[in-house]
Each structure stands twice: as structure tokens, then as C-alpha cells.
Amino acid sequence: MKTEYSLFTNKGNRPVNEDSAGFVHKGNAWCFAVCDGLGGHQKGDAASSIAVEKIKEYFLSCSDIDSFARGVIGYVQNAVINEQKKLGLVDKMKTTAVILAFDGSRGISVHTGDSRLYQFRDNEVIFQTEDHSIPQILVRMGEMDKSEIRSHPDRNKLLRAIGDDREEIKHDIFCFEVRSGDSFLLCSDGFWEPVTEEDMTGLLKNSNSPEKWLKKMSELAVKNSSGKSMDNYTAIAVTVKG
């Protein structure tokens, strides 16, 4: 299947862009990643950049997407921890990560933190990752609706991130079918907070390429953030065609 994609990143109103994004492919297998260095921590931009490069490196070293998904977070965690020790910043360089890998009709997502992956089919969201955050826990407990996450005061308080000084970083892995016509969106919280799922699907319906879809969403993110301090915002849009 043919793969079309587009990548966008912007620092918003912040002095430094702590988001990183990238992609790589090997044969008919593809890997896309978005990482968001945690604000308030030192060297968040370095953490996210290291994470993306190590994700790509590990993907190229693996024989299939299943072994990649099983080992990639541990591989990236070791790289970030080693850099922390080198710079004397133990437990202070952290980043989220959301990864999409697919090979033909099989796809896998891997994520930790609150950067998200959405899968769209027939202009509907058929899958999305769940944030590792305090508001997401409240949603699971039935104490609030998921639509309230965007405005919750604790929406940026994460429960998991690469760079935590622990033996193993908890992360989620999901497997799913990939069909011709499916579209995917990987994005940092600075992107999905001002752009709702309804916005995403509406703009997808009226776009004939990932580039145009991403451009429209990026413009809407700026419009909806008017008068606010805009975070770094980053996304990769992908469409699979037969």
C-alpha cells in the first residue's frame, strides 16, 4: 500500500520547541514518532530529540514491527538515562512518546505520556490512545467526561514519561488492522488540546492529502489558541492508500 504523510512542528509562544518528530521506513514497513519534552524539566528538547532518533535507529535494527514494539521504549529509556548521567541531570530530562508502526495491513501503536495517536476510517475516529495523565484516570473512574480533559487544571500532570529514573517505563502497546483509506494523526498535547476530534474529522473530510489536512488543523490550532499562551504544537498526518 502507498503511504502519504506530512509533518508539522512549531514552538508556539514558547522560547524553545521541546517537541520532536520523525519517520523512517524499511521496505514496506513504516515508523512515525512524536515526542514532547516535558515543560519545567531541564533539557526537554534534548530528551525528545534523542527519543525520536533512537526510535528510528531501533526500528531499522529490528526484523519486524512486533519485536520493535516490544523493545523500543526500553531502548529509548536507556539512551535518555545515559544522557542524563552524562550531563549530571539524573531524572530531569523527560519526554513523552507516541509511535505508529505498520507493515502492510498490520499496525502497532506504542506510547507513554499524553502525546496521542488517532486512527480514522470513513471520517470517524476508530481508535485513539489514552493519555497517561491524572485527568485520564478521572475519566476511567467515571468522575468526568473525556471531553473535559482539555480544560482540566491538571491536564499536564503525567503519570508516565521516558526519563523517569526507574528500571522500566510503563507503556501501552496496541495492535490493529490497517486498511486502504485509513488516516492517522500523531500529535503532542499542544496540538490536540486546541483541535477537537470533531475538528479533525471535519477537516479530514474536506482534505485530499495529509499535507492539506495538517495545514488546516494547524491553522485552526492557532485560531483556537488566540489570546492564550500557546504551547509547542507538533503533528504527523499519515494516509494509507491501495
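In which helix is the place of Lys216? The legends below, drawn from a predicted model, begin with that residue.

**Figure 1. Surroundings of Lys216 in helix α6.** Lys216 belongs to helix α6, which spans residues 210-224. With a relative accessible area of 30%, Lys216 is partly exposed. Its contacts, apart from neighbours within four places in sequence, are Leu203, Asn206 and Ser207. Asp199 precedes or follows at a separation of 17 residues in sequence, and the C-alpha atoms of Lys216 and Asp199 are 9.7 Å apart in space.

**Figure 2. Packing of helix α1 against helix α2.** Helix α1 covers residues 44-61 and helix α2 covers residues 65-87. The two helices pack at an angle of about 145°, and their axes are 9 Å apart. The crossing of α1 and α2 is right-handed. On the α1 side, the contact is made by Ala47, Ile50, Ala51, Lys54, Ile55, Glu57, Tyr58 and Phe59. These residues meet Ile65, Ser67, Phe68, Gly71, Val72, Tyr75, Val76, Ala79, Val80 and Glu83 of α2. Divided by class, the contact of α1 with α2 comprises 13 nonpolar, 2 polar and 3 charged residues.

**Figure 3. Glu83 in helix α2.** Glu83 is among the α2 residues that meet α1. Its relative accessible area is 22%, and Glu83 is therefore partly exposed, since buried residues fall under 20%. When residues up to four places away in sequence are not counted, Glu83 touches Ile50 and Met93. Of these, Ile50 is in α1. Gly142 stands 59 residues from Glu83 along the chain, and the C-alpha atoms of the two are separated by 40 Å.

**Figure 4. The largest pocket and its lining.** The volume of the largest pocket is about 700 Å³. Its lining consists of 33 residues, and those nearest the centre are Arg14, Asn156, Asp189, Glu193 and Asp231. By class, the lining of the largest pocket contains 8 nonpolar, 12 polar and 13 charged residues.

**Figure 5. Asn232 in the loop between α6 and β10.** Asn232 has a relative accessible area of 3% and is therefore buried. Not counting residues up to four places away in sequence, Asn232 touches Asn10, Lys11, Gly12, Arg14, Val16, Asn17, Glu18, Asp19, Ser188 and Gly190. One of these residues, Arg14, is also listed among those nearest the centre of the largest pocket. Gly39 is 193 residues from Asn232 along the chain, yet the C-alpha atoms of Asn232 and Gly39 are separated by 9.9 Å.

**Figure 6. Ser225 in the loop between α6 and β10.** The relative accessible area of Ser225 is 11%, so this residue is buried. Leaving aside neighbours within four places in sequence, Ser225 is in contact with Pro194 and Met230.

**Figure 7. The second largest pocket and its lining.** The second largest pocket has a volume of about 230 Å³. It is lined by 18 residues, with Asn123, Gly181, Ser183, Leu204 and Thr239 nearest its centre. Two or more lining residues come from each of β6 (116-121), α5 (197-205) and β10 (233-241). The lining of the second largest pocket divides into 3 nonpolar, 8 polar and 7 charged residues.

**Figure 8. Backbone of Asp122 and Asn123 in the loop between β6 and β7.** Most residues other than glycine have a negative phi. Asp122, however, has a positive phi near 55°. Asn123 likewise has a positive value, of about 60°, although it is not a glycine. Both residues are found in the loop that joins β6 to β7, and β7 covers residues 124-128. Is Asp122 buried or exposed? Asp122 counts as exposed because its relative accessibility is 71% and the class begins over 50%. Asn123, by comparison, counts as partly exposed at 36% relative accessibility. Asn123 is also one of the residues nearest the centre of the second largest pocket.

Definitions and conventions. Residues are numbered from 1 along each chain as its sequence is written. This is a predicted model: local features need pLDDT of at least 70, side-chain atom pairs count only at pLDDT 80 or more; totals for chains, interfaces and linings use all residues. Side-chain values use heavy atoms; hydrogens and water are left out. On a 1 Å grid over the protein atoms alone, a cavity is a set of points where a 1.4 Å probe fits but cannot get out, and a pocket is an open set with protein on both sides within 12 Å along at least five of seven lines; lining residues have an atom within 4 Å of a point. Grid points are joined across faces, edges and corners, and a volume is the space filled by probe spheres set on the points. Ala, Val, Leu, Ile, Met, Phe, Trp, Tyr, Cys and Pro count as nonpolar, Asp, Glu, Lys and Arg as charged, and the others, Gly among them, as polar. Helices (H or I, at least four residues) and strands (E, at least two) are DSSP runs, numbered from the N terminus. Axes are lines fitted to C-alpha atoms, for helices over the stretch in contact, and angles run from 0 to 180 degrees between N-to-C directions. A crossing is left-handed if the near helix is turned anticlockwise from the far one by less than a right angle, and right-handed if clockwise. Contact means heavy atoms within 4.5 Å. Buried means under 20% relative accessible area, exposed over 50%, partly exposed in between (1.4 Å probe, protein chains only).
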